[in-house]
Amino acid sequence: MPNNVVVLGTQWGDEGKGKVADLLTSKADIVVRSQGGNNAGHTLVVGDKKVVVRLVPSGILHSSCQCLIGSGVVVSPEALFSEIAELNASGITDAEARIKVSAASSLLLPIHVAIDKASEAKRGANAIGTTGRGIGPCYEDKIARRGLRVGDLYDLAVFKEKLKALLDYRNFCLKNYYNAPEVSFDEIVAGVEQVRDRLLAMVADISAILSDARKAGKKVLFEGAQGTFLDIDYGTYPYVTSSNTVAGGCCTGSGAGPRHIDYVLGICKAYTTRVGGGPFPTELENEIGEGIRKRGAEFGAVTGRPRRVGWYDAVAMRRAVDINSLSGLALMKIDVLDGMDELQICTKYKLADGTVSELPPLAAYEYAQVTPVYESMPGWSESTIGITDFTKLPLNAQKYIRRLEELAGVPVVIISTGPERDQTIMLDDPMA
């Protein structure tokens with residue numbers, strides 16, 4: 001019986017992880033975020049309540065669930081407490097008491113936001129397409145060992161000393177390289193001092209909590225942000241995020257041991273989307289793509305940006321299955337394909353040299369040069385919205401799902417037929 005389950009995206013993010021995580025968190029004692037920051041939005045819909053969480057784990061809607069933010073997450077105090085205020089306003093008044101934060105989590109500060117925006121402006125036409133929330137620069141400072149951590153707030157004198165050194169470097173870059181305004185030391189300190197006590201009251205040893213939970217047989221859900229092909233190592237670099245979004249990142253960013261993960265659930269749409277720049281072999285820049293975008297409401301939960309839309313990419317999925325050691329798949333938004341006469345599945349890539357491959361290249365420049373090789377399947381005219389029994393799906397929808405399952409080599413265990421929690425076909429419950 002799986003106790004520790006990882007839920008992560010297998011495409012370029014925005015796969016619908018929020019719904020699946022919320023569906024499973026009703027059975028979880030603990031939900032953990034282990035990477036990313038407030039650039040990752042999960043939309044949770046329960047009845048008439050719609051909540052977008054960014055830093056806060058999706059388990060926050062369930063009063064019995066403890067929510068942990070691990071050391072791999074970059075934490076903006078301003079964003080965290082703004083989100084808690086939104087949760088309070090929506091009726092979830094115990095959020096702050098149920099959230100625990102690692103002292104080793106990196107602090108995301110206004111200087112990181114300023115650098116992020118200035119860097120994107122400097123790149124011009126070659127901009128990566130970040131959310132401008134400072135995620136990348138914060139991870140950059142972490143790796144360069146000049147960043148600040150939540151635990152640094154215990155000693156304000158030490159915090160100020162480290163902040164001054166950071167700003168000496170970052171403001172020099174802003175002024176002399178980016179030709180952008182400098183960020184005030186005093187304003188950052190004043191902002192941090194306002195929330196310092198509240199944030200330190202939330203600090204806990206996340207690794208120890210997870211270890212105790214495992215020994216007690218509690219159920220833990222590890223909630224991934226973004227998606228596999230936005231991974232800093234395995235994504236379409238440099239058009240990626242700044243953290244490890246694959247399953248291994250859940251261990252390093254939380255302090256859980258890799259042998260303690262029992263099940264890895266990959267989330268994917270019945271088609272493909274991505275946001276921002278970078279290669280996207282199956283992209284549909286036509287009326288078909290626009291139709292899918294409108295029906296699927298493909299706009300960012302945090303940014304509102306329209307998502308790029310394309311056919312399902314089974315080549316990319318093969319890589320995602322391997323590097324995440326997926327146990328099963330949750331297929332989202334099958335209902336968006338209702339009413340389409342024909343569907344295409346990318347089953348191979350034709351590379352620039354003319355060879356055909358069943359696996360994607362790792363270099364972004366090679367990725368941008370591939371031509372998708374498609375397999376056609378008939379669509380269906382019937383509605384799939386709200387169906388909860390696989391055998392009640394239109395026959396062509398069943399065949400489409402089974403073909404995706406066959407191409408991936410892992411079973412489809414969850415099928416989403418609408419945004420509500422109960423609009424789901426559960427073929428095999430990963431948390432059972």
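**A mixed sheet and its surroundings**

Lys17, Gly18, Lys19, Val20, Ala21, Asp22, Leu23, Leu24 and Thr25 are the buried residues of helix α1 in this predicted model. That amounts to 9 of the 9 residues in the helix, which runs from 17 to 25, so α1 counts as mostly covered. Charged names turn up in that list too, with Lys17, Lys19 and Asp22 among them.

Zooming out, the chain carries 13 helices and 20 strands. Its radius of gyration is 22 Å, close to the 22 Å that the globule rule gives for 432 residues, so the chain is as compact as a globular protein of that length. Laid along its principal axes, the C-alpha trace covers about 65 × 50 × 40 Å. Of the 432 residues, 56% are buried. Among contacts with a separation of 6 or more, 76% join residues 24 or more positions apart. The accessible surface adds up to about 17500 Å², and carbon and sulfur atoms own 50% of that. As for charge, there are 47 positive and 52 negative ones, and the mean positions of the two sets sit 2 Å apart.

Now for the sheet. Ten strands would be a lot to keep track of without the order, which goes β9-β7-β5-β2-β10-β1-β11-β15-β19-β20 in an open sheet with mixed pairing. The edges belong to β9 (203-204) and β20 (424-426); each has a single partner strand, so one side of each is left without a neighbour in the sheet.

Part of the sheet can be followed pair by pair, starting with β2 (residues 30-33), which runs parallel to β5 (residues 66-69) with 4 bridges between them. Arginine 33 has isoleucine 69 of β5 as its bridge partner. Strand β5 is also joined to β7 (residues 99-102), again in parallel, this time by 3 bridges. Isoleucine 69 turns up here as well, with valine 101 of β7 as its bridge partner.

Elsewhere in the order, β1 (residues 4-9) and β11 (residues 263-269) are parallel partners over 5 bridges, and valine 6 is matched with valine 264 of β11. Strand β11 then pairs with β15, also parallel and also over 5 bridges, with glycine 266 opposite leucine 329. From β15 the pairing carries on to β19 (residues 412-416), parallel over 3 bridges, where leucine 331 has isoleucine 415 as its bridge partner.

Strand β15 (residues 328-332) is worth a pause: 5 of its 5 residues are buried, so the strand is mostly covered. In a regular strand the side chains alternate between the two faces of the sheet. Here Gly328, Ala330 and Met332 point one way while Leu329 and Leu331 point the other way, and all are buried.

Just ahead of β15 comes the loop from α11, and serine 325 is found there. Its phi is near 45 degrees, a positive value in a residue other than glycine. With a relative accessible area of 51%, serine 325 is exposed, since the cut-off is over 50%. Isoleucine 323, in helix α11 (residues 314-324), is partly exposed at 27% relative accessible area. Beyond its neighbours within four places in sequence, isoleucine 323 touches Thr228, Tyr234 and Val246. Tyrosine 234 is 89 residues away along the chain, yet the two C-alpha atoms are separated by 8.6 Å.

Proline 360 occupies the loop between β17 (356-357) and α12 (364-367). This proline is buried, with a relative accessible area of 3%. Sequence neighbours within four places aside, proline 360 is in contact with Val315, Ala316, Arg319, Tyr349 and Tyr367. Histidine 42, by contrast, is 318 residues off in sequence and 28 Å off in space, C-alpha to C-alpha.

Two backbone oddities round things off. Most residues other than glycine have a negative phi, and most peptide bonds are trans. The bond from tyrosine 237 to proline 238 is cis, with omega near 10 degrees, and proline 238 sits in the loop between β10 (220-223) and α9 (247-252). Asparagine 179 has a positive phi, near 55 degrees. Asparagine 179 belongs to the loop between α6 (156-176) and α7 (185-200), and is exposed at 65% relative accessibility.

Methods:
Residues numbered from 1 in each chain as written. Predicted model: local features only at pLDDT ≥ 70, side-chain atom pairs only at ≥ 80, totals over all residues. Heavy atoms only, no water. Helix = DSSP H or I, 4+ residues; strand = E, 2+ residues; numbered from the N terminus. Buried < 20%, exposed > 50% of the residue type's maximum accessible area, 1.4 Å probe, protein only. Contact = heavy atoms within 4.5 Å. Pairing = 2+ DSSP bridges. Rg over C-alpha atoms; globule rule 2.2 N^0.38 Å. Areas by Shrake-Rupley, 256 points an atom, 1.4 Å probe, with all protein chains shown as cover. Lys, Arg positive; Asp, Glu negative; His and termini not counted. Charge placed at Lys NZ, Arg CZ, Asp CG, Glu CD.
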